[in-house]
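Visitor: I'd like a walk through this model, feature by feature. Could you show me how to read each one?

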Amino acid sequence: RQCLPGWTVINSMCYFFALSEELSRRSWMDARHFCKRQGSDLLVINSREEHMALAEMIKMSRDPSRPMSQSGFWIGLRDADVEGSWTWLDGTRVEEGYWNIGEPNNQNNEDCAAMYPRENPFNSWNDAPCNWNLKWICERTPRPFSS
Ligand code: 2F8
Ligand code: CA
């Protein structure tokens, strides 16, 4: 077994999709803490292939009972240090990214990015207030198991 129970392996990386109502939705920081406790961190997208695979995965999670603004998944991307400078948790800066049309718009001091299930995988990201409660995606390497 390459990933912990309940995790999904995609191209040799392990992902956790916080989908269940039991886990509920959390702020960006609380979601990050959840990931850290499993030896992981919020998702960092390193390639177009990775983005496409994840966009495809979360399409299955569309929740018609919730407004679009609440159907997002926090990812490890912020512009909290310098407004407008979107930086992954590994320090990499985003050049273009896969923002939805009109995003990021910093509408209400929005410093955290979330990925949304969209028909067009290139219209995927939105910046939202970090204290908004959303689902999230954790990522970790398959080994070693620390828990
Ligand atoms: O229309 C885009 C806009 O939609 C929502 O605000 C109405 C989002 N807000 C939250 O997710 C909290 C904005 O981030 C988004 O830009
Ligand atoms: Ca926004």
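Guide: We'll take the helix, then the ligand, then a few backbone details.

Guide: This is a predicted model, where local features need pLDDT of at least 70 and side-chain atom pairs count only at pLDDT 80 or more, while totals for chains, interfaces and linings use all residues. Residues are numbered from 1 along each chain as its sequence is written, chains are lettered from A and ligands numbered from 1 in the order in which they are written, and side-chain values use heavy atoms, with hydrogens and water left out.

Visitor: Which residues of helix H1 are buried?

Guide: Buried means under 20% relative accessible area, exposed over 50%, and partly exposed in between (1.4 Å probe, protein chains only). Helices (H or I, at least four residues) and strands (E, at least two) are DSSP runs numbered from the N terminus. In H1, residues 28–37, the buried ones are Trp28, Ala31, Arg32, Phe34 and Cys35. Looking down the axis of H1, they fall within an arc of 155°, so they line one face of the helix; the arc is taken over directions from the helix axis to the C-beta atoms.

Visitor: What do the buried residues of H1 pack against?

Guide: Contact here means heavy atoms within 4.5 Å. By that rule, the partners are strands S2 (13–17), S3 (41–42), S4 (73–78), S6 (112–115) and S8 (135–140). Just past the helix, Gly39 has a positive phi of about 65°.

Visitor: Where does Asp41 lie, and what does its side chain join?

Guide: Asp41 lies in strand S3 and counts as buried, at 19% relative accessibility. A polar contact is a pair of N or O atoms within 3.5 Å; within protein, one must be able to donate a hydrogen and the other to accept it, and residues adjacent in sequence count only if both atoms are side-chain atoms. One such contact, of 2.9 Å, joins the side chains of Asp41 and Arg32. Leaving out residues up to four places away in sequence, Asp41 touches a set of residues including Cys35, Leu89 and Ile137.

Visitor: Now the ligand. Which residues come nearest to ligand 1?

Guide: A residue is near a molecule if one of its heavy atoms lies within 4 Å of it. Eleven residues surround ligand 1, and Glu103, Asn105, Gln107, Glu110 and Asp127 come nearest. A polar side-chain atom of Glu103 sits 2.6 Å from a ligand oxygen atom, and one of Asn126 sits 3.0 Å from an oxygen atom of ligand 1. Asp127 uses its backbone instead, with an N or O atom 2.9 Å from a ligand oxygen atom. The protein covers 64% of the 400 Å² of accessible area that ligand 1 has on its own, by the Shrake-Rupley method with a 1.4 Å probe.

Visitor: What should I look for in the backbone?

Guide: Most residues other than glycine have a negative phi, and most peptide bonds are trans. Here, the bond from Glu103 to Pro104 is cis, with omega near -5°, and Pro104 is in the loop between strand S5 (87–88) and S6.

Visitor: Where is Ser12 found, and is Ser12 buried or exposed?

Guide: Ser12 is in the loop between strand S1 (8–10) and S2, and counts as exposed at 51% relative accessibility. Though not a glycine, Ser12 has a positive phi of about 70°. Asn106, also not a glycine, has a positive phi of about 45°; Asn106 is in the loop between S5 and S6 and is partly exposed at 28% relative accessibility.
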